[in-house]
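Visitor: Could you take me on a close look at one part of this protein? I would like to understand how the aromatic rings sit and what lies around them.

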Amino acid sequence: MNVLVINAGSSSLKYQLINMVDQQVLCKGQVERIGIEGSFLKQKGGAEEADIHAEIKNHNDAIQMVLEALTDAKHGVVKSLEEIDAVGHRVLHGGEKFADPVLVDEQVIHDLEAIADLGPLHMPANISGIKACQQAMPVPQVAVFDTGFHQTMPPKAYLYGLPYEAYEKHKVRRYGFHGTSHLFVSQRAAELRGTEKGRMITCHLGNGSSLCAILDGKCMDTSMGLTPLEGVVMGTRSGDMDPAIVKFIMEKEHKTIEEMDHYLNKESGVYGLSGVSSDFRDLAKAAAEGHRRAILALDVFIYRIQKYIGAYAAALGGVDTLVFTAGIGENDHELRQNVCRDMDFFGIAIDEEKNASLPRGSEADISAPGARVHTMVIPTDEEYMIARDTYEIVHEASQ
């Protein structure tokens with residue numbers, strides 16, 4: 001079975017075509033700047049790499065361009081769309097309605113549209129991507145939710161200290177994100193350790209970052225909230241802060257609510273703190289050259305991660321496994337070392353030589369000899385998880 005995985009963002013679309021029989025990625029690509037001047041598609045996997053620049057007005061255009069690229073004589077990987085058996089869609093938000101992947105029908109589309117305001121930047125794009133694929137290909141479509149893994153959180157973890165009516169009327173609560181990634185690496189860590197039992201903290205560290213507290217394979221808490229803005233300081237997102245800051249800054253800077261939302265989501269984080277970049281590679285370079293604010297931004301980022309690890313160790317009653325994943329977690333050995341520094345009282349200690357010499361894209365246990373906590377680096381593979389879920393849903397539906 002060939003599964004096409006679609007990850008539609010507000011102005012971008014990433015995709016992979018995966019053969020689930022041998023788990024081979026046939027190709028991967030992305031469409032950028034949808035609805036913006038200078039839009040293009042890039043794809044790797046065929047005889048020739050595709051690099052197509054064209055006007056892409058909306059996600060319907062983007063999906064059509066993807067399908068043409070997949071079947072193109074020069075850079076395609078299938079002869080016709082009939083070789084694609086199912087499509088798996090990454091959907092940002094499932095609200096409380098969806099905890100598990102689901103086969104898409106008209107009712108599912110209706111339910112997604114009803115909760116679209118929970119993710120106003122991404123949900124319309126996710127829904128448009130599903131509809132465009134439905135129109136183009138008469139094959140099963142499966143929605144896999146970024147919030148799904150976190151639906152096992154108890155009320156004490158997901159409720160905010162607001163009047164209960166905010167939850168009853170508007171479903172204001174913690175939902176969490178990066179669920180597919182946290183699920184994948186936690187399952188892989190359990191495989192490597194030979195048991196799903198235990199207390200695990202997973203750290204998905206990238207431009208967007210979140211941590212997850214997992215007990216016996218189930219999420220007990222996670223750092224992102226109603227939206228991906230809550231949690232640790234990120235590339236351009238503020239993370240946790242005093243809510244009164246919103247009103248204070250709006251009054252001082254004469255900002256509208258839309259401008260304030262942009263300020264918190266796009267102008268803050270390590271980018272706002274450093275004044276250098278939201279790219280952690282740029283920050284590391286600037287910090288190495290003595291840039292004071294770059295050093296400060298990295299210190300804040302590391303400190304917030306350490307605070308969450310401490311909080312989740314308390315919530316879980318200890319920690320047995322600590323996992324680093326995503327772009328920064330997998331590839332930045334200095335950051336892993338700094339996060340784990342002086343945490344031996346938790347039983348966390350890493351082999352610094354093994355950590356520093358770990359090749360990019362590798363998985364390993366980097367714990368120091370005798371450490372009570374298994375500290376691991378595990379590359380995430382959200383696309384494979386979406387493809388696997390899609391395969392299982394379609395297979396079950398066909399029985």
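Guide: What follows is a walk through the aromatic pairs, then a neighbouring topic or two. Please keep in mind that this is a predicted model.

Let us start with the rings. A search through the whole structure turns up seven aromatic pairs. Take Phe98 and Phe145: their ring centres are 4.8 Å apart and their planes meet at 5 degrees, so this pair is stacked. Planes under 30 degrees apart count as stacked, and that is why 5 degrees earns the word. Where do these two residues, Phe98 and Phe145, lie? Phe98 is in the loop between strand 6 (86–91) and strand 7 (102–103), while Phe145 belongs to strand 8 (residues 141–145), so the pair ties together parts that are 47 residues apart in sequence. Both partners are hidden from the surroundings: Phe98 has 7% relative accessibility and counts as buried, and Phe145 is buried too, with a relative accessible area of 4%.

Now look at another pair, Phe345 and Phe346. Their ring centres lie 4.4 Å apart with planes at 35 degrees, so this pair is tilted. Here Phe345 is exposed, with a relative accessible area of 58%, whereas Phe346, at 22% relative accessibility, counts as partly exposed.

Tyrosines join in as well. Tyr158, Tyr164 and Tyr167 make up one aromatic cluster. One of these rings also has a charged neighbour: Lys171 lies over the face of Tyr167, at 5.0 Å from the ring centre. An arginine does something you can compare with this: the charged end of Arg173 sits over the ring of Tyr175, 4.8 Å from its centre.

Tyr175 leads us to a threonine, since Thr147 touches it. You will find Thr147 in the loop between strand 8 and helix 4 (155–158). Is Thr147 buried or exposed? Thr147 is buried, because its relative accessible area is 0% and buried means under 20%. Leaving aside residues up to four places away in sequence, the contacts of Thr147 are Leu92, His93, Gly94, Gly95, Tyr175, Gly176 and Phe177. With one of them there is a polar contact: the side chain of Thr147 reaches the backbone nitrogen of Gly94 at 3.0 Å.

For a contrast, turn to Ala315, which is found in helix 11 (residues 292–316). At 59% relative accessibility, Ala315 counts as exposed. Its C-alpha atom is separated by 38 Å from that of Ser11, and these two residues are 304 residues apart along the chain.

Next, the nonpolar interior. The largest nonpolar core has 58 residues, and Leu112, Ile201, Leu205, Leu211, Ile309 and Leu322 touch the most other members. Helix 11 gives the most to this core, with 11 residues. Apart from it lies another core of 28 residues, among them Ala86, Ala189, Ile393 and Val394.

Finally, a sheet. Six strands form an open sheet in the order 11-10-9-12-14-13, with mixed pairing. Its edge strands are strand 11 (218–222) and strand 13 (364–365), each pairing on one side only. Within this sheet, strand 9 (residues 199–204) and strand 10 (residues 210–215) run antiparallel and are joined by six bridges. If you want one place to rest your eye there, Thr202 stands opposite Cys212 in strand 10.

Technical notes: Residues are numbered from 1 along each chain as its sequence is written. This is a predicted model: local features need pLDDT of at least 70, side-chain atom pairs count only at pLDDT 80 or more; totals for chains, interfaces and linings use all residues. Side-chain values use heavy atoms; hydrogens and water are left out. Rings of Phe, Tyr and Trp (its six-membered ring) pair if their centres lie within 6.5 Å; planes under 30 degrees apart count as stacked, over 60 as edge-to-face and the rest as tilted. Helices (H or I, at least four residues) and strands (E, at least two) are DSSP runs, numbered from the N terminus. Buried means under 20% relative accessible area, exposed over 50%, partly exposed in between (1.4 Å probe, protein chains only). A charge sits over a ring if NZ of Lys or CZ of Arg is within 6 Å of the ring centre and within 35 degrees of the ring normal. A polar contact is a pair of N or O atoms within 3.5 Å; within protein, one must be able to donate a hydrogen and the other to accept it, and residues adjacent in sequence count only if both atoms are side-chain atoms. Contact means heavy atoms within 4.5 Å. A nonpolar core is a set of buried Ala, Val, Leu, Ile, Met, Phe, Trp, Tyr and Cys residues joined through side-chain atoms within 4.5 Å. Two strands pair if DSSP finds at least two bridges between them.
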